[in-house]
Amino acid sequence: MDADQLRRAFTGYFVDREHTLVPSASLIPHHPSAPLLVNAGMVQFVPIFLGEETAPWPRATSVQKSFRTADVDIVGHTTRHLTFFEMLGNFSFGDYFKERAVPFAWELMTETLGLDGDRIWVSVYEQDDEAEAIWRDAVGVPAERVQRMGEDNFWEMQKGAPGPCGMSSELYFDKGPEHGEAGGPLHGGEERYVEIWNLVFMQLLRQPDGSLVELPKKNIDTGAGMERILPLLEGKTSVFDTSLFLPVLETAQSVTGVTYGQDETADVALRVMADHARAMSFLVSDGVLPSNEGRGYVLRRVIRGAVRRAYQLGADKPVTERLIGAVREVMSDAYPELATSAELITEIVGREEEGFRHILRSGSALLEEEMAGGSGTISGEVAFRLHDTHGFPIEITREMAAERGVTVDMAGFEAEMAAQRDRARRAGKEGIGAATADERYRQLLDEFGTTAFLGYETVEAPGRVLAVLETAFGAEGGTDALEVFLDRTPFYAEGGGQVGDTGRITTGTGTIEVLDTNYALPGLIRHVGRRVEGELSAGQEARAAVDGQRRDAIRRNHTATHLLHWALRHVLGDHVKQQGSLVAADRLRFDFSHFAAPTPDELARVQRMVNETVITDSAVRTTEMPMAEARERGAIAFFGDKYGETVRVVEAGEASVELCGGTHVGALGMIGPVRIVSEGSIGASVRRIEALTGTASLDRIDQDEAVLGRTATLLKSRPEELPDAVSRLIERQKASEDALRQSQRRGLADQAADLAGSATDGMVVARVDDLPPDQLRSLAVSVRQQPGIKVVVLGGSPDGASVALVAAVEKGSDLVASDLISPAARLVGGGGGKNAELATAGGRDVSKLDEALTGVRSQLGG
């Protein structure tokens, strides 16, 4: 049974038992309490387990893309740990519990997959008599193969933190005595007893005070590691020998010229390359881009880890394109996004590899500088900094050091690495940080249900006040700051990049000005504002009126955002994906993935395409449909949004089709002119466009024309003649600067001659103030070129607050320029570079400059 067959067998078993097959979520989680990257099948169901959302089905099954950051440093050193993996799971949301979850697991493993039941061991929580009895009496597992264990069998989203939790039961497969000691998972070896499935019986809620109470519903959350099960089905001892990994591993051997299985150190490197190739492919396809923080840093570490292993094995050419190509060949049938995003993945990863190969080369230079210090040892802190900050492999550090007879403090390096791993484990601890919603909001949601949103059809509507709460909104709000909840509202709550509406809510006894609208909980709309007059009370009938003029501006900007997305993909390529947005009343901001700055011509084409589409005045249509149908129609999901089984599709004209819950214009002509006002980088491979629409765009055009007019007047030309006028001005400026430089060179030549005339035994040591460091350097070089001059040391203050020093010696001299000014640089509170013939330095203590130059004279024997 191969990987595709295993996926189908697992999910098919549960579909046949009335479970809904739910597609894998992105590796980028959306719940605020989620980990950095999705690390289990249950992550996409967190709102259901927390009671924030109602489950759309009582039972579900999935194959979830998952990533464990804590395993990055372990990968390759074992044959079972991976960064990216697939989690097979089945879930019950208040439907069945232990009595069915346990028999389901046994039947699937032994009958559907055909594993030998006599080799399966089970662990249960030490106090879980019920689970043990089910395994022993209902399933028939011998008592000696059911072991009670401690906290490893009590699952929490985060140890000790508030949130859902419960006892668990794990299934282990005995690989046989050749893999370790006997005794089951409790006493035997980890390599022998491999954990293959964890069944979590989620029935408890840990309170903020640490106490445990029963959840209203008992849930099931299970996770089976596909890469743990596959070797058992294919008769392999390692996941890297399976059909899922072998083609990638073979590619790693091909690009390095190293054969797997001949050297353990090389084998570790090859396994890392195979694992990381999968990880980088899926991270980029899900929208992660390399950076120095968060998910982007994880991706960067993964790419660099694969490249440095290849470098270590002697690969002198780029390797990632072939590695990710092998991953695509193996996995694109199950995950088509690897094929559709192939160009983007190759480009992003290739650029990162190219940059890191430069780092590897420059790291060699940094290491040479450290070894030149002459201490005979590279400290653990320095070795770790080269490894962690510059990505320089410790193996290469040791090899280069050994060639120079220098040792590396490996104990200190390992201590630094251990501290880093501890930090990573704490930061990326498995599970979800609990986020217990405010009880007030939960009570409102339980009592009245979700808020009916009327804002697609109207900006003013009647409603009933459900609650009025004091809030800390705004430091100036005082006791006038309120949160108002209605049974229905035309106010749009902030979401999908669109800001919340403002306006007024009025009852027979009072009015509040709504300053923001957002969600207190999913489905529960909160109007935040300040009291204008009177009082509002629960139970009153109210009139809710949105600021219509502001809403219109927001609608224009939101629809324009969709058109920009469409045009960018058309001009730059389908790899462009939204990475964030802001849809406000005064402007729009759109962040998108792209590996280079768009050219001015490309931006002009984007703007023109958008405006040509706007003037067609085509209708903007919104339709609700099943998610599957929306995908078939080519609808694009916006970054960061979460979608249910039924989605709202917005068609802006004939080309743009997006999933979106925001408010939009009725026809494209209502947007007015669209003007891109800025474009720039906000991170590695992430760009940002800001644009204006409607009257804001017209105002900007007026401002630009006014500036052009004033500039034309100053240059005594017409606006259309400005490019030629500015070119002439630049040419005159350049000519003036050239003349100034020639004058300065003549002045420096004269000054150099004067200084050379004051030389003693071919040595010049002098103070020269008011020259910038580069001119002081040029002066020193000019003096050295004078006949009979052997050494020149100049010092001065260019600005009265800092010190510049320069030393120049003739070629072949026994003197070293950097040695001459090093003591002087320390005396003035600074330092400088190392060079034998020409060295510069700086400092901050001008009062010590004369003393420093005197010291140089003494050093030269003058």
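**Exercise 1.** Over the ring of which residue does the charged end of arginine 648 sit, and how far is it from the ring's centre?

*Solution.* In this predicted model, the charged end of arginine 648 lies over the ring of tyrosine 456, at 3.6 Å from its centre. An arrangement of this kind also involves arginine 17, whose charged end sits over the ring of tyrosine 13, 3.6 Å from its centre.

**Exercise 2.** Work out how the rings of phenylalanine 10 and phenylalanine 14 are arranged.

*Solution.* Begin with the chain: both residues belong to helix H1 (residues 3–15), and because they are four residues apart there, about one helical turn separates them. Next take the geometry, in which the ring centres are 5.2 Å apart and the planes stand at 55 degrees, so the pair is classed as tilted. Finally, place the pair in its surroundings: phenylalanine 10 is buried, at a relative accessible area of 0%, and phenylalanine 14 is buried, also at 0%. Both belong to one aromatic cluster, together with Tyr13, Tyr96, Phe104 and Trp197.

**Exercise 3.** Describe the setting of strand S3 (residues 84–93).

*Solution.* First consider exposure: 10 of the 10 residues of S3 are buried, those pointing one way, such as Phe84 and Glu86, as well as those pointing the other way, such as Phe85 and Met87. Then consider its partners: nine bridges join S3 to strand S2 (residues 59–67) in an antiparallel manner, with serine 62 facing glycine 89, while five bridges join S3 to strand S9 (residues 212–225), likewise antiparallel, with phenylalanine 91 opposite aspartate 221.

Conventions: Residues are numbered from 1 along each chain as its sequence is written. This is a predicted model: local features need pLDDT of at least 70, side-chain atom pairs count only at pLDDT 80 or more; totals for chains, interfaces and linings use all residues. Side-chain values use heavy atoms; hydrogens and water are left out. Buried means under 20% relative accessible area, exposed over 50%, partly exposed in between (1.4 Å probe, protein chains only). Helices (H or I, at least four residues) and strands (E, at least two) are DSSP runs, numbered from the N terminus. Two strands pair if DSSP finds at least two bridges between them. Rings of Phe, Tyr and Trp (its six-membered ring) pair if their centres lie within 6.5 Å; planes under 30 degrees apart count as stacked, over 60 as edge-to-face and the rest as tilted. A charge sits over a ring if NZ of Lys or CZ of Arg is within 6 Å of the ring centre and within 35 degrees of the ring normal.
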